Amino acid sequence: MSTFDDPFDADRALLRSGCACGRHRSAAEHVRAARTPRCEPVADLSEQKRYEGIVASAVMRAVFPQDVARRAFLKSVGAATALAALSQFVPLKTATEAFADAGPPEKKDLKVGFIPITCATPIIMAAPLGFYARQGLDVEVVKTAGWAVIRDKTINKEYDAAHMLAPMPIAISLGLGANAIPFTVPAIENINGQGITLAIKHKDKRDPKDWKGMKFAIPFDYSMHNYLLRYYLAEHGLDPDTDVQLRSVPPPEMVANLRADNIDGFLAPDNICQRAIYDGVGFLHILSKEIWDGHPCCSFAASREFITTAPNSFAALTRAIVDATGFAAKAENRKQIAEAIAPANYINAPVTVLEQVLTGTYADGLGGVKTDPKRVDFDPFPWQSFAVWMLTQMKRWGQIKGDVDYKAVAEQVYLATDTKKVMAEMGLTPPTSSYKSFSVMGKTFDPAKPDDYLASFKIRKSS
Amino acid sequence: MTLSLRLRAAIVSIALLAVFLGSWHLATRSSGTTAAMSPEYARLMGLTATQGKSAMPGPLDVGAKLWEHLKRPFYDNGPNDKGLGIQLAYSIGRVGLGYLIAVVVAIPLGFMIGMSPLFSRALDPFIQLLKPISPLAWMPLALYTIKDSSISAIFVIFICSVWPMLLNTAFGVAGVRKEWINVARTLEVGTIRRAFTVILPAAAPTILTGMRISIGIAWLVIVAAEMLVGGTGIGYFVWNEWNNLSITNVIIAILLIGLVGMLLDQVLARFTRMVTFPE
């Protein structure tokens with residue numbers, strides 16, 4: 001059920017079960033309705049009305065945890081009576097006002113950790129360009145030595161929120177490679193923005209079928225880099241676990257290792273790919289965009305505890321990030337951003353390199369200049385179907401064993417509903433659904449059928 | 001005419017340095033071989049690719065960069081970019097604190113072990129087991145249990161510098177000549193007084209040797225620990241510049257780490273000379 005739906009409509013599911021978008025009682029009904037206008041959001045409500053709906057939903061959910069009971073109640077007394085009855089006990093109007101007026105942040109001085117790569121662009125630039133300050137926050141962005149450290153420091157609460165690889169909050173929430181702690185993703189940092197870089201000596205080996213026995217680096221096990229590289233190799237008939245060697249290597253060491261001939265290539269975040277080219281040690285085989293156009297890469301993550309203890313700070317922080325992401329999405333701002341984030345205090349890389357990544361006019365390492373303005377792009381919406389896809393790949397490569405409740409995990413971690421609210425508050429138009437279908441290397445992914453998708457892969461870890 | 005040994009040694013040192021710098025300079029000269037490329041492409045590439053500049057910096061590059069750092073050692077451009085002086089101060093502060101805690105723990109404990117054969121035997125297996133553990137092996141455990149990265153770094157300094165001090169103190173205390181202790185006994189000196197007036201001065205050179213080894217280890221450890229936890233300190237500086245693939249700055253950091261380590265060692269060496277006595 002969407003946040004903006006009418007909780008007094010007996011025909012709609014209030015709990016988030018049933019179909020993918022939540023507006024239908026079952027997945028089958030959703031599919032039938034998918035092409036009809038019924039699936040459209042309640043878009044014409046005024047802001048006040050919308051908040052009323054949200055609050056009323058929450059109250060109804062609390063009063064009737066069971067949908068069956070709520071439906072029975074509504075059927076017997078009618079929606080109008082129910083509303084009147086509820087208003088007597090719960091001051092809906094006051095609650096609505098309290099909700100609409102977000103209030104001052106509980107905690108103004110926040111620490112946000114980041115890894116110095118261009119994926120962190122919105123998190124970083126929000127500091128020098130004043131996006132945090134505009135929300136009344138004093139945010140210190142802290143450069144962090146690696147993904148495991150950023151995980152530990154966020155769990156330790158040294159950081160209030162952090163830049164994480166998109167699958168990391170899912171892995172932390174599931175307790176993979178860490179204690180299980182509920183983590184959330186209110187916004188995706190960037191989409192696209194990675195590439196497969198190979199050593200110059202492989203410039204004639206452009207067919208992945210010739211890559212048997214090669215050594216590749218990835219930044220972290222629970223990363224889109226890992227899943228995309230494995231996907232790409234597997235689509236070309238190579239088993240990533242047996243035909244090649246995949247190593248977890250911190251990004252800066254990738255370039256040095258490539259120069260030293262320790263690895264043959266890597267799937268890494270930018271600016272690292274471009275840096276290898278800039279230093280003349282590698283060339284860009286393909287952009288990750290060519291594997292899956294619009295794939296998520298890094299995320300903005302916070303623990304659920306932070307959201308409950310400081311909801312206003314969290315909302316302000318999310319607004320700042322969504323705002324910054326919107327600014328970064330515009331091509332005309334990219335040069336300014338490259339200059340803002342290049343100094344030693346932030347990414348600490350040559351401006352030329354960052355500019356090539358962000359503007360999309362870049363040297364490919366083989367003597368050519370290419371242009372692709374969408375090489376890296378920014379879109380904050382945390383599609384829950386992204387999370388479902390990541391879960392299918394975690395399962396595919398044996399990181400998760402046994403059954404997975406894809407939807408439940410996706411919806412707990414990827415806060416699409418909250419982001420919609422924030423986006424709407426800011427005058428943006430959030431998508432109507434939280435699930436979307438997309439295709440990876442020409443293969444369509446239906447988030448409603450993750451198990452079928454998983455079963456369709458020939459190369460996978462036998463479990 | 002014969003020059004003093006000291007002067008001759010200095011001349012040899014300088015000659016060695018000159019040979020080293022000269023060969024370094026020659027080894028890192030531009031290769032000059034570059035592939036032909038369009039100017040538009042060249043504009044997007046680094047000097048290594050366009051001018052065949054060596055990926056390793058030469059001594060002149062390092063010198064110029066070092067001068068830049070020395071000109072403003074205490075600048076502060078926000079949480080992730082501070083001058084080398086500030087970074088070194090953070091590292092020295094951490095080492096000082098961890099080391100001080102180690103002194104407070106190791107010397108009394110070492111005394112106890114040295115004076116009591118029972119404790120000496122009972123604690124020996126633990127000390128032998130804990131002594132050879134690498135600082136970095138402690139780091140994840142510390143981060144996980146202490147849940148604070150700067151305290152973890154200090155803990156790692158402590159845990160690594162405590163053992164040499166402990167063992168040396170115990171060894172020094174146990175090795176005090178029996179005659180002296182017997183004389184003190186004959187004069188009916190109490191245990192506490194005996195410890196302070198007879199054993200401590202006698203064992204002091206050995207204890208200080210342990211402390212000198214420990215400060216060396218502590219300084220070794222801090223760089224690794226800071227590279228791991230990040231934030232501030234010379235180790236973080238190395239990591240940050242490695243991240244930027246700036247070998248020049250990494251070399252400068254190595255130079256400074258060596259210099260500070262040497263100074264710390266010299267301070268303790270001076271203390272050791274002060275307490276040494278002729279027998």
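# A guided tour of chains A and B

Begin with both chains in view: chain A and chain B bury about 2,900 Å² between them, and 53% of that area lies on carbon and sulfur atoms. Buried area is the accessible area (1.4 Å probe) that two parts lose on being put together, summed over both. The model is predicted, so local features need pLDDT of at least 70 and side-chain atom pairs count only at pLDDT 80 or more, while totals for chains, interfaces and linings use all residues. Residues are numbered from 1 along each chain as its sequence is written, chains are lettered from A and ligands numbered from 1 in the order in which they are written, and side-chain values use heavy atoms, with hydrogens and water left out.

**Stop 1: the interface**

Select A:Pro252, A:Asn345 and A:Asn348. These three residues supply 18% of the area that chain A buries against chain B, more than any other three residues. Now widen the selection to every residue in contact (heavy atoms within 4.5 Å): 41 residues of chain A meet 31 residues of chain B.

How many residue pairs are in polar contact between chain A and chain B? The count is 16, with both residues at pLDDT 80 or more. A polar contact is a pair of N or O atoms within 3.5 Å; within protein, one must be able to donate a hydrogen and the other to accept it, and residues adjacent in sequence count only if both atoms are side-chain atoms. Next, colour the elements of chain A that each supply at least two residues to the side touching chain B, among them strand E2 (138–143), helix H8 (147–155) and helix H11 (251–259). Helices (H or I, at least four residues) and strands (E, at least two) are DSSP runs, numbered from the N terminus. H11(A) gives the most to this side of chain A, with five residues.

**Stop 2: salt bridges**

A salt bridge is a side-chain nitrogen of Lys or Arg within 4 Å of a carboxyl oxygen of Asp or Glu. Side chains of opposite charge can pair when their charged atoms come close. The whole structure has 21 salt bridges over all chains, yet zero are found across the interface of chain A and chain B.

Select A:Lys157 and A:Glu305, whose side chains meet in a salt bridge at 3.6 Å, N to O. A:Lys157 lies in the loop between H8 and strand E3 (161–165) of chain A and A:Glu305 in helix H13 (residues 304–309), so the pair ties together parts that are 148 residues apart in sequence. With a relative accessible area of 54%, A:Lys157 is exposed, whereas A:Glu305 is partly exposed at 42%. Here buried means under 20% relative accessible area, exposed over 50%, and partly exposed in between (1.4 Å probe, protein chains only).

Move on to A:Lys395 and A:Asp451, a salt bridge with its closest N and O atoms 3.9 Å apart. Is A:Lys395 buried or exposed? At 18% relative accessibility, A:Lys395 counts as buried, while A:Asp451 is partly exposed at 43%. Finally, select A:Arg230, A:Asp241 and A:Lys461, which are linked in a network of salt bridges.

**Stop 3: chain B**

Show chain B alone, which has 12 helices and zero strands. Its radius of gyration (taken over C-alpha atoms) is 25 Å, well over the 19 Å that the globule rule gives for 279 residues, so chain B is more spread out than a compact globule. That rule is 2.2 Å times the number of residues to the power 0.38. The C-alpha atoms of chain B fill a box of roughly 90 × 65 × 35 Å, taken along the principal axes.
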